[in-house]
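Trainee: I have a model open and would like to go through it step by step. Where should we begin?

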Amino acid sequence: IRDAMTYAVQKGSLVTVAMGNEYEEGNPTDYPAGYAGQIDGVIAVSAVGRSLKRAYYSNTGAHNELAAPGGDVRDGGTAGTIWQAGLNPLDSDPFSVIFPRFDRYVELPEQGTSMAAPHVAGIAALVYSQGVTNPAALEKLLEATAQDLGAPGKDNEYGYGLVQPRSALRGFGIAR
């Protein structure tokens with residue numbers, strides 16, 4: 001997986017990876033997130049809830065680089081989750097469905113670092129569309145423009161902080 005991520009970055013792709021959701025189960029280092037600190041252009045993403053506090057489940061560690069909204073039912077109940085369109089669980093249950101359907105979608109409340117990582121990828125895509133195409137430069141820009149949360153500077157809970165779309169776009173004079 002590390003080699004695949006390195007290859008993707010060398011070919012010009014920024015990679016965002018979820019930190020993991022096992023904080024209360026011992027906070028293990030999840031991979032591929034554990035490789036993020038070793039590869040410029042790969043970003044490990046933790047999750048925050050509505051109050052901008054680390055989501056109770058979100059793993060922490062020195063390899064954490066950015067935080068993004070991931071939802072947290074303990075911080076707002078269902079309203080504190082991330083609503084997304086997904087496959088109907090009844091159509092894709094691997095224990096009861098032989099041929100899953102991919103033509104019916106439902107909106108579902110979700111939470112997890114897997115909800116947070118796409119926020120960072122989307123913001124990176126916006127910046128990329130404006131001409132910042134080097135994965136390492138994209139990562140550095142997103143880190144430099146993040147809203148610092150927690151202990152000052154980079155920390156294990158939030159990395160460099162909460163990703164900021166406007167600041168990232170303004171950082172290169174792209175947005176006003």
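Mentor: Begin with the charges, and keep in mind that this is a predicted model. The protein has 13 positive and 19 negative side chains.

Trainee: How far apart do the centres of the positive and negative sets lie?

Mentor: Lys and Arg count as positive, Asp and Glu as negative. Each set has its own centre, and the distance between the two centres is 8 Å.

Trainee: What pattern does the protein follow along the sequence?

Mentor: There are 5 helices and 5 strands to place. Read along the sequence, they give α-β-β-β-β-α-β-α-α-α.

Trainee: Why is the protein said to be as compact as a globular protein of that length?

Mentor: For 176 residues the globule rule gives 16 Å. The protein comes close to this value, so it is as compact as a globular protein of that length, with a radius of gyration of 17 Å.

Trainee: What share of the residues is buried?

Mentor: A residue is buried when its relative accessible area is under 20%. Of the 176 residues, the buried ones make up 40%.

Trainee: What span does helix α3 reach from its first C-alpha to its last?

Mentor: Helix α3 covers residues 113-129, which is 17 residues. At 1.5 Å a residue, 24 Å is expected. The helix is close to that, at 25 Å.

Trainee: Which residue with a positive phi follows α3?

Mentor: Within α3, the buried residues include M115, V120 and V127. After the helix comes a residue with phi near 115°, and that residue is G131.

Conventions:
Residues are numbered from 1 along each chain as its sequence is written. This is a predicted model: local features need pLDDT of at least 70, side-chain atom pairs count only at pLDDT 80 or more; totals for chains, interfaces and linings use all residues. Side-chain values use heavy atoms; hydrogens and water are left out. Helices (H or I, at least four residues) and strands (E, at least two) are DSSP runs, numbered from the N terminus. The expected span of a helix is 1.5 Å times one less than its number of residues. Buried means under 20% relative accessible area, exposed over 50%, partly exposed in between (1.4 Å probe, protein chains only). The radius of gyration is taken over C-alpha atoms; the globule rule is 2.2 Å times the number of residues to the power 0.38. The place of a charge is taken as NZ of Lys, CZ of Arg, CG of Asp or CD of Glu.
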